[in-house]
Amino acid sequence: MYLSSLTLTQFKNYGSQQLELSPRLNCFVGPNGAGKTNLLEAVYYLCMGKSHTGNPDQYAIRHGEDGSRLEGIFLLDASERDKTVVKLRKRQRKVIERNGTPYDRLADHVGRYPVVIIVPDDSALVLEGSEVRRRLIDNSLSQTDPAYLNHLIHYNRLLANRNALLKELAGRSDTSGLLSVYDQQLEPAATYLHQRRQSFSGPFTELLLEAYAAISGEKEQVELRYKSQLEEQSWAALMEANREKDRVLQRTTAGIHRDDLVFSQDGHPLRRVASQGQLKSFVLSLKLAQYRLLERDTQRTPILLLDDIFDKLDQDRVRQLLTLVLGSAYGQVFISDTDPERVTQLIEGNPALDWRRFLVADGRVTG
Ligand SMILES: Nc1ncnc2c1ncn2[C@@H]1O[C@H](COP(=O)(O)OP(=O)(O)OP(=O)(O)O)[C@@H](O)[C@H]1O
């Protein structure tokens with residue numbers, strides 16, 4: 001599967017721009033602030049229906065405009081071709097259309113065009129709080145299992161309501177019994193998400209080990225373990241045990257929104273013992289493992305977006321990563337870089353590769 005053409009209208013710093021893409025490698029080259037990441041973001045929007053940055057849609061609309069539109073032609077195989085359009089309008093619901101038909105639920109779109117993005121601040125996956133790690137699991141499972149995304153949306157909505165109720169109660173006891181109603185309503189979604197996360201961690205660890213060996217060539221034994229409060233007690237018992245605390249703190253303190261992934265190296269916490277280089281290799285491996293998982297579970301070759309890897313990774317690691325992803329085991333790849341020479345040099349060793357270079361300057365693309 002690949003994206004064969006991309007059209008942006010009033011998207012970020014682009015007015016009107018159309019690009020015909022290579023099925024293998026597309027390089028966006030230009031100075032800082034030119035709009036290279038915005039092009040990767042446009043591709044991500046077409047695949048996932050939202051920004052990879054977590055920014056609300058309004059920030060994707062070009063300043064001073066009322067709306068923006070992205071159009072992509074995806075070739076799924078020799079006979080199947082999709083025209084996908086994302087329409088963003090200020091203060092209106094976004095619309096995603098496939099071959100002229102709008103989706104009733106945007107969640108139904110997710111997973112049709114699997115995508116993985118590698119960005120400079122991916123190190124947050126190891127160094128920061130559990131939310132980023134849950135996002136890695138949620139992003140992977142949402143793309144491979146539509147029921148997962150629906151349960152996740154439902155869980156988050158109920159959780160927000162439960163938290164609003166706790167705020168309203170302001171520490172008072174819940175005479176209406178509404179808290180227990182929420183707890184019962186949350187249970188099926190929580191149980192489903194927990195089970196899927198449990199069954200994700202085993203295969204994902206295997207893919208992670210493979211990717212780590214390929215990217216680092218080193219001998220450390222890295223490990224990933226899924227950690228959830230539901231391992232120790234049932235949902236009902238967990239909610240019951242934390243109800244008093246929730247009332248005092250006025251938020252839901254326990255649940256699968258507290259799940260985490262624990263990373264280790266040779267049996268020790270990874271973030272405490274890994275060198276800078278090992279950490280970078282590990283983070284890249286997480287993303288490459290995600291790529292393989294999506295490929296296996298969607299039966300499609302994901303699109304890989306590499307943002308600014310040249311500036312943030314050392315030359316050896318970039319070379320290793322590129323050798324890997326430009327090999328036959330990967331599909332369409334997009335790269336952004338500030339240095340036009342560097343891309344060319346790195347790719348010259350691979351003369352048979354079908355690739356395109358686009359020069360980006362001030363929201364305009366030539367190439
Ligand atoms: N909604 C918007 N409307 C107009 N311009 C925008 C909007 N959002 C961002 N921009 C502009 O887009 C530019 C940033 O683009 P982008 O992040 O793609 O740059 P880049 O080429 O990847 O740069 P770097 O190499 O520094 O990462 C900035 O000039 C910013 O002002």
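## Briefing on a predicted model with a ligand

With 24 C-beta neighbours inside 10 Å, Lys-36 counts as buried, and this residue is found in helix H1. The structure is a predicted model, and the values below are computed from it. Helix H1, which spans residues 36–48, gives the most to the shell around the ligand, with 3 residues. The points that follow take up the ligand shell and the annotated positions, then the nonpolar core, then a sheet of three strands, and finally some loop residues.

**Ligand shell and annotated positions**

- The ligand is surrounded by 17 residues, of which the closest are Asn-13, Asn-32, Lys-36, Thr-37 and Asn-38.
- Sorted by class, the shell around the ligand holds 10 polar, 4 charged and 3 nonpolar residues.
- In an unreviewed entry, UniProt lists Gly-30, Pro-31, Asn-32, Gly-33, Ala-34, Gly-35, Lys-36 and Thr-37 under "binding site"; Asn-32, Lys-36 and Thr-37 appear both in that record and among the closest residues to the ligand.
- Lys-36 is in contact with Phe-28, Gly-30, Ser-336 and Val-360, once its neighbours within four places in sequence are left aside.
- Thr-37 also lies in helix H1, and it counts as buried because 21 C-beta neighbours fall inside 10 Å, where the cut-off for a buried residue is 20 or more.
- Not counting residues up to four places away in sequence, Thr-37 touches Asp-307 and Ser-336, and Ser-336 is likewise one of the contacts of Lys-36.
- The annotation "domain: AAA+ ATPase", which comes from an unreviewed UniProt entry, covers residues 22–366.
- Over residues 22–366 the model is 47% helix and 19% strand, and the end C-alpha atoms of this span lie 14 Å apart.

**The largest nonpolar core**

- The largest nonpolar core has 85 residues, and those with the most contacts inside it are Ala-42, Val-43, Tyr-44, Val-115, Leu-208 and Leu-305.
- Helix H5, which runs over residues 178–216, provides the largest share of this core, namely 12 residues.
- Leu-305, leaving aside its neighbours within four places in sequence, is in contact with Leu-40, Val-43, Tyr-44, Val-115, Ile-117, Ile-118 and Phe-334; among these partners, Val-43, Tyr-44 and Val-115 are themselves listed with the residues that have the most contacts inside the core.

**The sheet of E9, E10 and E11**

- Three strands form an open sheet in the order E9-E10-E11, with antiparallel pairing.
- E9 and E11 are the edge strands of this sheet, since each of them pairs on one side only.
- Strand E9 (residues 222–227) is joined to E10 by 6 bridges; across this pairing, Tyr-226 stands opposite Leu-261, and Lys-227 stands opposite Asp-260.
- On the other side, 2 bridges join E10 to strand E11 (residues 268–269), and these two strands run antiparallel; here the bridge partner of Ser-264 is Pro-269 in E11.
- In a regular strand the side chains alternate between the two faces of the sheet.
- Strand E10 (residues 260–265) shows such an alternation, in that Leu-261, Phe-263 and Gln-265 point to one face and are buried, whereas Asp-260, Val-262 and Ser-264 point to the other face and are not buried.
- The hairpin of E10 and E11 has 2 residues between the strands, and in this hairpin Asp-266 takes a positive phi near 50°.

**Loop residues**

- Arg-91, although it is not a glycine, has a positive phi of about 60°, and it lies in the loop between strand E5 (81–89) and strand E6 (95–98).
- Arg-91 is exposed, because 6 other C-beta atoms lie within 10 Å, where 12 or fewer is the cut-off for an exposed residue.
- Gln-299 is a further residue other than glycine with a positive phi, near 60°, and its place is in the loop between helix H8 (276–298) and strand E12 (303–306).
- Gln-299 counts as exposed, with 9 C-beta neighbours inside 10 Å.
- Gly-100 sits in the loop between E6 and strand E7 (101–102), where it is exposed, with 7 other C-beta atoms within 10 Å.
- Gly-100 and Asp-82 are separated by 18 residues in sequence, and their C-alpha atoms are 9.6 Å apart in space.

Terms used: Residues numbered from 1 in each chain as written. Predicted model: local features only at pLDDT ≥ 70, side-chain atom pairs only at ≥ 80, totals over all residues. Helix = DSSP H or I, 4+ residues; strand = E, 2+ residues; numbered from the N terminus. Pairing = 2+ DSSP bridges. Core = buried A, V, L, I, M, F, W, Y, C linked by C-beta atoms within 7 Å. Contact = placed C-beta atoms within 7 Å. Near = placed C-beta within 6 Å. Nonpolar A, V, L, I, M, F, W, Y, C, P; charged D, E, K, R; others polar. UniProt positions renumbered as here; feature names shortened; annotations may be inferred.
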